[in-house]
Amino acid sequence: MNRLKILSAFMLPFACVTMLVGQSTLKINYSKSGPEIPESMYGIFFEEINHSGDGALYAELIQNRGFEEHVAISGCEYRDGYVYAPESPNYISNKLSKWRHPWYIEKLKYTAWTINQNAGEASYDVVDEDQLHPATPHSMKIEIKKAGNGSTVDLVNEGYWGVPVEKGEKYALRFYFKKNDYKGAVTARIVSTDNRVLAEKKFRIEKEGWQEYTSVLKASGTDSKGSFQLCFDAPGTVWVDYVSLFPKKTFKNRENGMRRDVAQKLADLKPAFVRWPGGCIVEGATIENRVKWKETLGDPMTRRGEWDLWNYRTTMGFGYHEFLQFCEDIGADAMFVANVGLSCRFRNGDYVDESQLPVYIQDICDAIDYAIGDVSTEWGAKRAEAGHSKPFSLKYVELGNENWGPRYTEIYSKFYNALKPKYPQIEFISTIGFGDDEARLGKVDMIDPHWYVKSDFFWENTHLFDNKERGKYKVYVGEYACNQDVGSGKMEAALSEAAFMVGMERNSDLVTMSSYAPLIENSNRRDWCTNMIWVNNEQVIGRSSYYVQQMFSLNKPDTNLKIVSLGSPLQGKVETIAGYDYQKSETVIKVVNGEGKKLDLNFKLPTSSVKAKGCIITLSANSDEDENSFENPELISPQESVFDKFAKEFTYIFAPYSLTVLRIKTSL
Ligand code: AHR
């Protein structure tokens with residue numbers, strides 16, 4: 001830094017109007033705009049991983065509500081503490097797969113449930129006799145030997161790391177109960193951590209056989225880690241199944257809906273699209289373990305759920321219909337990811353015989369019809385029956401997830417050729433990245449490369465898309481994150497992602513869609529090292545990466561403007577991009593400063609009018625090691641300020657470790 005620069009920086013710490021010798025100057029070229037930036041550019045990727053759905057987004061408060069947690073993975077066999085997948089060739093290696101997974105059946109059975117014997121006496125087991133419904137074949141059987149006169153036997157659910165309730169709020173209770181020689185009542189309770197009864201309802205039991213009981217419980221106190229209990233006060237045998245406790249207030253007050261604060265955090269990203277249901281779970285650990293969207297519809301009691309390859313059972317409560325509804329509620333387009341007859345290559349990798357492929361193709365047709373088909377179609381009619389006769393906003397279907405290799409490319413073409421003529425309005429995405437597989441593909445609308453990398457990779461590859469061939473397909477960067485050598489995430493990761501996003505946005509004629517992954521973790525259960533949003537029973541917080549995503553999404557211009565660099569070239573970890581927002585008549589400049597020192601930049605805006613007063617949004621940290629936490633959730637969060645020294649030529653000093661957006665009222 002020369003002396004003049006030091007002096008000026010000292011005198012005018014954040015802005016000056018005179019250009020300084022030796023500084024970098026960025027000139028916006030208004031006569032030569034770059035590619036348009038499509039509306040679809042920034043979306044979100046949902047997968048049931050880290051209890052992101054059950055225990056976070058999905059508002060159900062009871063864990064293992066159907067007593068099915070121990071049920072072995074579909075298509076697998078339980079033997080001696082393991083579940084074994086069928087021996088079958090892996091679709092990539094062609095070698096026989098012998099995938100197995102440890103299975104602690106006795107422990108899993110009682111996931112989240114315990115029995116308190118408050119001076120009562122009882123034995124209990126999870127059984128599959130006299131099933132309530134084929135989707136929930138198991139129930140809790142309790143043989144109460146002694147209870148009454150003040151002593152009870154209580155079936156207790158600990159929820160997802162507690163049952164959170166708020167004073168004055170209402171909770172919809174639903175459970176199924178059956179008895180034999182039991183003459184007592186059943187008392188449902190929400191109990192605080194210090195054993196206070198926060199809500200209670202006594203049910204008199206008269207009828208025989210499985211009966212449904214419902215009520216609304218109003219909490220008299222607040223506790224984020226309470227529990228739910230069903231209490232029995234007489235001897236006899238009882239069976240309990242499908243116990244559900246749901247806040248009455250959900251996002252947009254939808255039934256079987258979403259936790260308001262979590263859903264709002266997603267809505268605040270203003271995502272252009274939502275991808276569902278994954279991720280590897282689309283493929284399944286075995287082909288039978290794949291997500292079967294039809295099983296995610298209807299009354300949640302009749303949804304079978306399935307073991308999720310992130311190692312817990314999912315209720316599929318946030319199912320296909322809820323996903324489509326959520327997209328509508330937040331004004332996003334829907335992207336459905338479908339299995340194409342291949343299971344996850346890193347697990348069993350088994351696949352279906354070619355003769356089975358039409359079944360899989362038909363299943364995708366049905367999914368599309370359910371979302372957008374006329375009500376005269378079989379599945380369009382089912383959507384109408386579910387209360388939504390209008391079509392949903394399904395726009396994209398991805399054929400598989402992270403499926404690669406010759407078998408996939410062949411299958412992709414078969415699926416594409418069968419589906420595209422029938423649904424020309426849908427963009428069918430192939431899961432291949434850049435590389436060998438491209439050559440084997442026939443017509444493809446879009447490819448989906450993924451990157452989980454170190455920060456250096458993103459900084460070194462900000463120009464990765466510049467020279468990629470145009471015209472063959474569009475690119476959807478469906479999963480990316482800096483998740484290596486950054487622990488559970490820190491500003492270093494977020495800034496490197498911002499730098500990479502600059503490269504995507506600059507190449508928006510090729511990269512037209514992107515989504516960071518994974519989206520959410522319940523912080524009591526981290527299956528994947530870095531995730532964008534952290535949830536517990538009290539809070540929902542965005543990591544620094546969340547705010548990077550949000551800043552790009554909320555400050556997406558309509559078109560790129562070329563930047564010409566004059567004077568000293570930019571040094572170190574610095575990336576810049578400019579664009580124009582037609583509606584707001586604003587030049588939008590983004591600068592990522594990955595360096596630990598301030599960055600002085602001159603700007604030239606050779607356009608007829610530049611208004612002095614504009615807006616600056618800064619996301620910065622004192623150290624690139626910093627990260628938000630439940631204690632300090634907004635340590636790194638965007639700060640918006642008014643700036644009144646914009647001009648045809650101006651200087652701005654960018655904070656160390658920052659992403660900054662300048663919004664300047666200008667002509668084009
Ligand atoms: O985002 C986590 C996992 O990463 C996804 O399930 C998979 O597609 C990728 O390998």
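1. In this predicted model, the second largest cavity holds about 70 Å³ of space. Its lining is formed by E288, R290, V291, K292, E295, T296, R304, G305, E306 and M316, and sorting these residues by class gives two nonpolar, two polar and six charged residues. The two nonpolar and two polar members are therefore V291 and M316 on the one hand, and T296 and G305 on the other, given that Gly is counted among the polar residues.

2. The cavity just described is one of six in the structure that reach 30 Å³ or more. The largest cavity has a volume of about 210 Å³, and of the 21 residues that line the largest cavity, R65, G66, E68, R313 and T315 are the closest to its centre. Taken by class, the lining of the largest cavity comprises six nonpolar, eight polar and seven charged residues.

3. Turning to open space, the largest pocket contains about 860 Å³. Its lining is made up of 35 residues, and those that lie nearest the centre of the pocket are R254, E255, N256, G257 and P300. The lining of the largest pocket divides into 13 nonpolar, 10 polar and 12 charged residues.

4. As to which elements build that lining, at least two residues each come from the strands β14 (170-180), β17 (211-218) and β19 (236-247), and likewise from the helices α5 (320-330) and α7 (378-385). Among the contributors, α5 gives the most to the lining of the largest pocket, namely five residues.

5. The ligand deserves a separate point. The residues around the ligand are E47, G279, C280, W310, N401, E402, Y452, E479, P518 and W528, and by class this shell consists of five nonpolar, two polar and three charged residues. The three charged residues are E47, E402 and E479, because Glu is counted as charged, whereas Gly and Asn fall in the polar class.

6. Three side chains of the shell can be described at the level of atom pairs. In the side chain of E47, an N or O atom is 2.6 Å from an oxygen atom of the ligand, while for the side chain of E402 the corresponding distance to an oxygen atom of the ligand is 2.7 Å. The side chain of Y452 likewise has an N or O atom that is 2.7 Å from a ligand oxygen atom. How much of the ligand does the protein bury? Taken alone, the ligand exposes 280 Å², and the protein buries 94% of that area.

7. T651 is located in strand β40, which covers residues 649-654. With a relative accessible area of 0%, T651 counts as buried, because that value is under 20%. The side chain of T651 also takes part in a polar contact, at 2.7 Å, with the side chain of N602.

8. Is G75 buried or exposed, or does it lie in between? G75 sits in the loop between β3 (44-45) and β4 (77-79), and its relative accessible area of 44% makes it partly exposed, because this value lies between the limits of 20% and 50%. Computed along the chain, so to speak, G75 and D333 are separated by 258 residues in sequence, and their C-alpha atoms are 33 Å apart in space.

Notes
Residues numbered from 1 in each chain as written. Predicted model: local features only at pLDDT ≥ 70, side-chain atom pairs only at ≥ 80, totals over all residues. Heavy atoms only, no water. 1 Å grid on protein atoms, 1.4 Å probe; cavity = no way out; pocket = protein on both sides within 12 Å on 5 of 7 lines; lining within 4 Å. Points joined across faces, edges and corners; volume = space filled by probe spheres on them. Helix = DSSP H or I, 4+ residues; strand = E, 2+ residues; numbered from the N terminus. Near = heavy atom within 4 Å. Polar contact = N/O pair within 3.5 Å; in protein donor to acceptor, adjacent residues only side chain to side chain. Areas by Shrake-Rupley, 256 points an atom, 1.4 Å probe, with all protein chains shown as cover. Buried < 20%, exposed > 50% of the residue type's maximum accessible area, 1.4 Å probe, protein only.
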